[in-house]
Amino acid sequence: MLKFKFLLWMMPKLLQRAINTKPACARYVAGKTLQFQIQTADKVGRHFRIQDSTVKSFAGLTQTPKFTLTFRNADRGFKILS
């Protein structure tokens, strides 16, 4: 579980680096707002917001995500995402 939580904590930093270093990525997210979440089947996770080319992460889940990535458990989620 700890590795999965660490990966979720690192996700916005990795996404922000992609926006800052890859012009195509920056153009793609420019002017868009996207809210999504990554969670396990037992509802443990984080939600993320990309707005004005900035990525922010929040503890817990949101009621209105654009999409949700749900994994059976934290170990499986870590293996797939890493």
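Helix 1 (residues 2-21) and helix 3 (residues 74-81) pack at an angle of about 45 degrees with their axes 8 Å apart, and the two helices are therefore oblique to each other, a term for angles outside the ranges under 35, over 145 and 65 to 115 degrees. This is a predicted model, in which local features need pLDDT of at least 70, side-chain atom pairs count only at pLDDT 80 or more, and totals for chains, interfaces and linings use all residues. Residues are numbered from 1 along each chain, and side-chain values use heavy atoms, without hydrogens and water.

The crossing of helix 1 and helix 3 is left-handed, and the residues in contact (heavy atoms within 4.5 Å) are tabulated here.

| Helix | Contact residues |
|---|---|
| Helix 1 | K3, F4, L7 and M11 |
| Helix 3 | A74, G77, F78 and L81 |

By class, this contact has six nonpolar, one polar and one charged residues, Gly being counted as polar.

The largest pocket has a volume of about 150 Å³ and is lined by Y28, V29, K32, T33, L34, I50 and K66, where lining residues have an atom within 4 Å of a point on a 1 Å grid that takes a 1.4 Å probe, and a pocket is an open set with protein on both sides within 12 Å along at least five of seven lines. Helix 2 (23-29) and strand 1 (33-40) each supply at least two residues of this lining, which divides into four nonpolar, one polar and two charged residues.

Methods. Axes are lines fitted to C-alpha atoms, for helices over the stretch in contact, and angles run from 0 to 180 degrees between N-to-C directions. Helices (H or I, at least four residues) and strands (E, at least two) are DSSP runs, numbered from the N terminus. A crossing is left-handed if the near helix is turned anticlockwise from the far one by less than a right angle, and right-handed if clockwise. Grid points are joined across faces, edges and corners, and a volume is the space filled by probe spheres set on the points.
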